[in-house]
Amino acid sequence: MSENRYKKFIELFKNPLNRHEMEDADISHEGQNTCGDKLTVFLKIKDGRIVDASYEGAFCAFSNASASQVTEFIKGMTLEEVEAIDNPKLFQLIGDDLSDNPHRLSCILFPLRTVKEACKKFKEHGPDKNYQKPKKGISCHCDEHNAELGL
Amino acid sequence: MFNVEEIRKDFPILQRKINGHPLIYLDNGATSQKPIQVINAISGYYMNHNANVHRGVHKLSEESTYMYEEARRKVAKFINAEPEEIIFTKNATESLNLVAYTYGEANISAGDRICTSIMEHHSDFIPWQMLAGKKKAKLEIMNVNTEGEIPDSEFSKISNSKITSIVHASNVLGTINPVEEMGKIAHEGGGKILIDGSQSIPHMPVDVKKMDCDFFAFTGHKMLGPTGIGVLYGKKELLEEMPPFMYGGDMVIDAKVEGCKWNEIPHKFEAGTPHISGIIAMGAAVDYLNKLGMENIRAHEVELIEYAFQKLQGIEGIEIYGPQEAHKRVGVIAFNIKGLSSIDLASFLDDYGIAIRSGHHCAQPIHDFLKILPSARISFYLYNTKGEIDVLIPRIEEIRRMLS
């Protein structure tokens, strides 16, 4: 039954760490997964080391759980150390390699990929303080959401 | 006459259990399941008749050719066309691309307008987007209103266009477009109309003469047929004028070093050995649908849509996209539930043996236009039941409670 099978994910999903926007980030980067999910990573970087990390966007529970673990894990790491994080390490962090549910593998790989893209962007172009609000999709067209979208 | 329990016995896969639960297959918009009659048509062909078509003079080749052309006659009759107006392709995507690459290439020039809509599947959007870019033509995109319908005010985009390519029924919104009216407008403006019937023809009667469309594209696998087989209908006079799509065997009648003379339609557009077994099985699928009656299938699905709407609307935080009235739509219901990702919903429903689709459904422009997240989609076919909807709803509620 799904609740037991994914208990760990559900716990992480319900109580994620670092899920917030960071207006004073040194770099922010939006990644898109093949399913259409979007996730923005925010990093504060000092002397080549990540001093703070967070994320926000519109994504599934598995990506949320993974992003929570990844952003927590990379705090204090150098950009090179982040680059070296491989899938087995990620599976260890999450406590599951999704071998019994391979179609959700891309969901858990997605946040790490986005973090690495952000690091690459920082290494190539340096800090970018142009804070970009994550593009959040909506799941309903209630009055509140319509106002938010200017509809 | 339309007895769902009897119909279900023809579909062996519906006996399967998935994760310990009886399969509830609600992903018919992606592909339909196949009745034993279609499965037997494939194996029967390979066991008894297999040979290449239009080539040999031996018995097996004659039988294969007869069965192949018989399937073409069945498909033609099914949509009220002539057999030579039926071109077999590998899927609806290839049918749509065929028109863009042949009719489009030959007739669209710089400054011309091509009309399509924001609710198109990528297969009917990208070919025109690319053609417009290549030819420096303008792509006119008809938008939808909050009901998920194209308002009349958008129709002027059709009258100004040399070709309009429009989906008959949306694979996200379910909207049935007024293609007959759109065709009239296209013709009054001197343009042509191509209809993508992938989501309509499996579920309702289609008459291309009554519709007076120039082209009609669809696929076999969504209407009980096998994968790898699609159809393009085109008006005879248009197909005769059009250049070939691909070159090779069977499409040429006289191949010389100095030049070639193309075969007659439809063979001009069927280069190479076709998917013979698939086409014969497609004929069996048409027989199966005819036996049940397309009007009866539509009536059954309208009942399911009404029932599902009634039940889904009780779920907290749900928004269903597209027309709310069953007669205005096909049995494709896309929705989102506040705070619940569609991929999570689909993935957790699978644990209970329930198959639904999540994501953009190869129709990202409509999601972007409506500014909505990737959606969850249930889609019905003739073997689905109200009982399955009764199992689905509490499972959705359960997952919603678990994840929010």
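**Exercise 1. Helix 3 and helix 10**

Task: State how helix 3 of chain B and helix 10 of chain B are oriented to each other, and describe their contact.

Solution:
1. Helix 3 of chain B and helix 10 of chain B are oblique to each other. The model examined here is a predicted one.
2. The reasoning starts from the geometry of the pair: the axes of helix 3 (residues 59-78) and helix 10 (residues 276-292) of chain B come within 8 Å and cross at roughly 40°.
3. Angles under 35 degrees count as roughly parallel, and those from 65 to 115 as roughly perpendicular. The pair is therefore classed as oblique.
4. The crossing in which helix 3 of chain B passes helix 10 of chain B is left-handed.
5. On the side of helix 3 of chain B, the contact is made by B:Ser64, B:Met67, B:Tyr68, B:Glu70, B:Ala71, B:Lys74, B:Val75 and B:Phe78. Helix 10 of chain B contributes B:Ile276, B:Ile279, B:Ile280, B:Met282, B:Gly283, B:Val286 and B:Asp287.
6. Sorted by class, the residues of this contact are ten nonpolar, two polar and three charged.

**Exercise 2. Helix 2 and helix 10**

Task: Give the angle and the distance at which helix 2 of chain B packs with helix 10 of chain B, and list the residues that make the contact.

Solution:
1. Two packed helices are described by the angle between their axes and the distance between the axes.
2. For helix 2 (residues 36-48) of chain B and helix 10 of chain B, the angle is about 145° and the axes are 8 Å apart.
3. Helix 2 of chain B passes helix 10 of chain B in a crossing that is right-handed.
4. From helix 2 of chain B come B:Gln37, B:Val38, B:Ala41, B:Ile42, B:Tyr45 and B:Tyr46, which meet B:Ser277, B:Ile280, B:Ala281, B:Ala284, B:Ala285 and B:Tyr288 of helix 10 of chain B.
5. This contact has ten nonpolar and two polar residues, and no charged ones.

**Exercise 3. Helix 12 and helix 14**

Task: Classify the orientation of helix 12 of chain B relative to helix 14 of chain B, and name the residues that meet.

Solution:
1. The axes of helix 12 (residues 342-350) and helix 14 (residues 386-403) of chain B come within 10 Å and cross at roughly 120°.
2. That angle makes helix 12 of chain B oblique to helix 14 of chain B.
3. The crossing of helix 12 of chain B past helix 14 of chain B is right-handed.
4. In helix 12 of chain B, the residues B:Asp344, B:Leu345, B:Phe348 and B:Leu349 meet B:Arg395, B:Ile396, B:Ile399 and B:Leu403 of helix 14 of chain B.
5. Six residues of this contact are nonpolar and two are charged, with no polar ones.

**Exercise 4. The whole chain and its domains**

Task: Describe the overall build of chain B, then its division into domains.

Solution:
1. Chain B contains 14 helices and 17 strands.
2. Its radius of gyration is 22 Å, close to the 22 Å given by the globule rule for 404 residues, so chain B is as compact as a globular protein of that length.
3. The C-alpha trace of chain B spans about 70 × 55 × 35 Å along its principal axes.
4. Chain B is divided into domain 1 (4-27 + 293-403) and domain 2 (39-291), and the C-alpha centres of these domains lie 28 Å apart.
5. At their contact, 22 residues of domain 1 of chain B touch 24 residues of domain 2 of chain B.
6. On the side of domain 1 of chain B, the elements giving two or more residues are helix 11 (294-312), strand 14 (332-337) and helix 13 (364-370). Helix 11 of chain B provides the largest share, five residues.
7. That side of domain 1 of chain B has 13 nonpolar, four polar and five charged residues.

**Exercise 5. Two backbone features**

Task: Locate B:Pro266 and B:Asn19 and describe the backbone at each.

Solution:
1. B:Pro266 lies in the loop between strand 12 (259-262) and helix 10 of chain B. The peptide bond joining B:Ile265 and B:Pro266 is cis, with omega about 0°.
2. B:Asn19 lies in the loop between strand 1 (17-18) and strand 2 (21-22) of chain B. Although B:Asn19 is not a glycine, its phi is positive, about 50°.

Terms used:
Residues are numbered from 1 along each chain as its sequence is written. Chains are lettered from A and ligands numbered from 1 in the order in which they are written. This is a predicted model: local features need pLDDT of at least 70, side-chain atom pairs count only at pLDDT 80 or more; totals for chains, interfaces and linings use all residues. Axes are lines fitted to C-alpha atoms, for helices over the stretch in contact, and angles run from 0 to 180 degrees between N-to-C directions. Helices (H or I, at least four residues) and strands (E, at least two) are DSSP runs, numbered from the N terminus. Angles under 35 degrees count as roughly parallel, over 145 as roughly antiparallel, 65 to 115 as roughly perpendicular and the rest as oblique. A crossing is left-handed if the near helix is turned anticlockwise from the far one by less than a right angle, and right-handed if clockwise. Two residues are in contact if their C-beta atoms, placed from the backbone, lie within 7 Å. Ala, Val, Leu, Ile, Met, Phe, Trp, Tyr, Cys and Pro count as nonpolar, Asp, Glu, Lys and Arg as charged, and the others, Gly among them, as polar. Domain bounds come from an automatic or database domain assignment. The radius of gyration is taken over C-alpha atoms; the globule rule is 2.2 Å times the number of residues to the power 0.38.
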